[in-house]
Amino acid sequence: MATEVKNTQMLRKISELATKWKVAPGQILAACHELGVETTDGQFEVGDDDLELIREAAAQQGKTIALAPNRTPRDIAAAMGVTDKEVQTALIKKFKVMATLTTVLAQDVAENLAKEFGFSLTWAEPSAPKASRKLQPGKGGPVKRPPVVTIMGHVDHGKTSILDYIRKANVVSKEFGGITQHIGAYQVTLPQGVITFLDTPGHAAFTAMRARGASVTDIAILVVAADDGIMPQTQEAIQHAKTAGVPMIVAVNKIDKPSANVDKVVMTLPNYDVIPEAYGGEVIICPVSAHTGEGVPNLLEMILLQADVMELKADPKADFRGVIIEAQLDKGRGPVATVLVQQGTLRVGDVIVAGNTWGKIKAMTDYAGEKVKEAIPAMPVEILGLSEVPGAGDRADIVKDERAARDLTSDRVDAEKLRNAIGMKKRLTLRDLRRQMDQEEVKDLNLIVKGDVQGSVEAVRGLIEKLSHPEVNVRILASGVGSITESDVLLGSASNAIVVGFNTKPEPKAKAEAERQKVEIRTYTIIYELIEDIESALKGMLAPKYEEEYQATVEVRAVFKLTKSGKVAGCHVTDGKIFRNSKVRVKRDREIVFEGELDSLKNVKQDVREMFAGQDCGIKFVGWEDFKEGDVIEAYELVQVN
Ligand code: GDP
């Protein structure tokens with residue numbers, strides 16, 4: 001029978017369409033029945049053209065609904081698009097029938113009940129669609145897809161709590177004991193639509209993915225605690241969302257607290273270039289409490305509203321493309337990865353290439369722990385079968401067979417090697433700016449400015465903003481107070497920006513990340529040097545800058561006088577490693593007595609290239625013999641930093 005509705009996913013889709021088309025769900029079912037569209041197996045995936053046909057037919061159904069026999073009050077309510085309660089009240093008041101919502105009604109009672117709401121109920125025969133035409137899922141072409149949402153904001157403002165609340169209220173776990181599994185993302189299904197939430201809150205993860213070229217987020221939720229207001233990481237999150245061009249919805253959280261002051265938060269937002277709707281801007285503000293749940297349904301509704309405006313679409317029939325959200329090695333199951341489908345459909349048995357690894361998908365599980373056979377756009381699924389663990393942000397594609405997978409992965413490995421080899425040149429650096437400008441590789445000089453105090457950040461900003469150049473826009477993407485963090489570097493990497501620090505330094509993790517991502521960090525203690533460097537870079541006249549890198553400490557323990565070749569310092573390396581080409585500085589009672597280079601480095605009589613801590617060696621210096629026992633030699637090299 002065409003109208004027996006078993007599949008909840010399909011029902012959701014139908015009630016979503018009913019709301020949109022302003023008809024009763026039953027009218028859509030009747031239209032489907034008339035057109036011979038199967039709605040029994042959840043295959044309600046129809047293309048835009050066919051949807052239009054169904055919409056027209058549904059509108060012409062008048063108020064007719066078609067149902068299979070043996071229906072309950074709940075079925076009839078759903079078909080008419082009214083609430084269970086309204087139907088139950090009518091049954092009791094009008095028909096004096098005391099039925100539960102799941103009692104099967106006699107046919108005449110069911111028909112009269114429908115009539116009471118202005119509907120004419122017809123009975124559809126089981127398995128007897130008028131035509132056995134099954135509308136094909138689209139003639140191709142994109143269809144509406146759920147939005148992918150990331151939650152950002154300052155630490156402790158309630159990001160995790162909001163994600164947990166939404167999950168608990170909306171996701172029913174299929175696992176024993178109701179333990180929901182975390183696969184890095186989950187979906188929430190509401191009558192108005194579906195939302196995909198990325199489960200790793202914070203802008204670091206968001207920007208890390210972007211730095212790898214994966215832009216998965218459609219909407220960012222900026223969480224601000226109503227009792228705390230906008231804090232440094234809130235500002236960072238705003239900057240990250242803005243540079244990514246991702247629209248924001250502000251969730252003002254903790255409104256249950258007596259000290260909450262939503263108005264104050266809303267009032268301060270424009271200071272950060274976030275203009276709420278109430279102030280004539282476009283940013284939606286949702287007061288919420290992750291503790292009581294107040295406002296959360298409204299937040300979800302607003303997300304869907306924002307998504308509607310964005311008209312997010314993807315083609316489930318297109319070639320598959322996805323992104324790895326997270327991945328790890330599971331002791332029992334091997335590499336496990338969560339893939340977010342961006343377009344096309346992923347199926348068990350497909351051969352997938354993710355980053356530099358590949359595999360045939362053995363099994364797929366959704367966010368609720370249920371085994372699934374296929375995944376459509378915006379759906380996150382955990383997959384088994386990859387040969388190695390891919391990286392978060394890696395792109396995933398389906399290939400024809402295992403051989404193609406091997407070819408593609410080896411191509412990708414080569415490409416990565418190549419990228420690494422030329423990466424240095426490709427990333428924007430101040431020193432290389434002029435060349436890149438000349439080759440029209442850059443139109444923007446993007447900067448991220450960090451400073452020790454707000455005053456100095458403002459001063460640097462002010463001076464940079466005054467710089468102008470006919471070919472290049474000098475833009476400050478983000479600025480803030482504090483040390484240079486990993487997150488600044490990731491933002492720099494994602495938006496090809498240079499990080500400049502004034503009276504501040506990079507954190508060790510940031511330094512390591514900058515080396516990995518080849519992001520330039522420049523630190524200054526004199527403001528005019530900073531400005532001059534940028535000006536010189538624009539003119540292509542920036543002189544190379546070197547930094548000393550420590551190598552070794554060496555002590556002079558004896559002085560030998562050789563008849564033929566002058567004096568030699570008999571030395572002991574106390575720390576590090578000294579090289580034949582090291583630069584050296586010799587200190588006596590903390591005073592520098594010589595700075596220069598080595599003439600020779602010997603071990604006994606052999607010339608050597610390097611000597612380690614604990615070893616003895618003989619050293620001669622270029623043009624200097626005035627060393628004494630007890631002198632301390634500091635060895636270093638000069639490393640070019642721009
Ligand atoms: P995150 O660091 O942004 O992920 O913040 P958490 O979700 O871990 O929350 C930080 C703290 O704020 C926890 O102690 C939460 O219990 C508390 N919290 C979060 N949301 C609310 C809320 O709506 N109301 C109240 N009163 N406390 C909240």
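Which residue in strand 7 is the bridge partner of Thr150? It's Ala220, and the views below start there. This is a predicted model, where local features need pLDDT of at least 70, side-chain atom pairs count only at pLDDT 80 or more, and totals for chains, interfaces and linings use all residues. Residues are numbered from 1 along each chain as its sequence is written, and side-chain values use heavy atoms, with hydrogens and water left out.

**View 1. Here is an open sheet of 6 strands with mixed pairing.** The strand order is 5-6-4-7-8-9. Helices (H or I, at least four residues) and strands (E, at least two) are DSSP runs, numbered from the N terminus, and two strands pair if DSSP finds at least two bridges between them. At the edges sit strand 5 (185-190) and strand 9 (284-287), each pairing on one side only. From one strand to the next, the twist averages 30°; axes are lines fitted to C-alpha atoms, for helices over the stretch in contact, and angles run from 0 to 180 degrees between N-to-C directions. Strand 4 (residues 148-153) and strand 7 (residues 219-225) are joined in the parallel sense over 5 bridges. Helix 7 (residues 159-170) packs on this sheet, touching strand 4, strand 5, strand 6 (193-198), strand 7 and strand 8 (248-253), where contact means heavy atoms within 4.5 Å. The direction of helix 7 makes about 50° with that of strand 5. Helix 11 (residues 296-310) packs on the sheet too, and its direction makes about 100° with that of strand 6.

**View 2. Now for the ligand, with 15 residues surrounding it.** The closest are Asp156, Thr160, Ser161, Asp256 and Ala290; a residue counts as near if one of its heavy atoms lies within 4 Å. Look for the polar contacts, which are pairs of N or O atoms within 3.5 Å. A polar backbone atom of Asp156 is 2.7 Å from an oxygen atom of the ligand. For Ala290, a polar backbone atom is 2.8 Å from a ligand oxygen, and for His157 that distance is 3.3 Å.

**View 3. Helix 6 (residues 107-116) has Ala110, Leu113 and Ala114 buried.** Buried means under 20% relative accessible area (1.4 Å probe, protein chains only). Seen down the axis of helix 6, its buried residues fall within an arc of 100°, so they line one face of the helix; the arc is that of the directions from the helix axis to the C-beta atoms. Their cover includes helix 4 (73-80), helix 5 (84-95) and strand 2 (120-123). Just past helix 6, Gly118 has a positive phi of about 85°.

**View 4. Another open sheet has 4 strands, paired in parallel.** Its order is 21-20-22-23, with strand 21 (473-481) and strand 23 (521-524) as the edge strands. The twist averages 25° from one strand to the next. Strand 20 (residues 444-451) shares 8 bridges with strand 21, and one pair to look for is Ile448 with its bridge partner Ala478 in strand 21. Helix 17 (residues 527-539) packs on the sheet, its direction making about 140° with that of strand 23.

**View 5. Strand 26 (residues 583-588) runs antiparallel to strand 27 (residues 591-603) over 6 bridges.** Val584 stands opposite Gly596 in strand 27. In this hairpin, with 2 residues between the strands, Asp589 takes a positive phi near 45°. Strand 26 also runs antiparallel to strand 31 (residues 632-640), joined by 5 bridges; there, Lys583 has Tyr636 of strand 31 as its bridge partner.

Key. Buried < 20%, exposed > 50% of the residue type's maximum accessible area, 1.4 Å probe, protein only. Polar contact = N/O pair within 3.5 Å; in protein donor to acceptor, adjacent residues only side chain to side chain.
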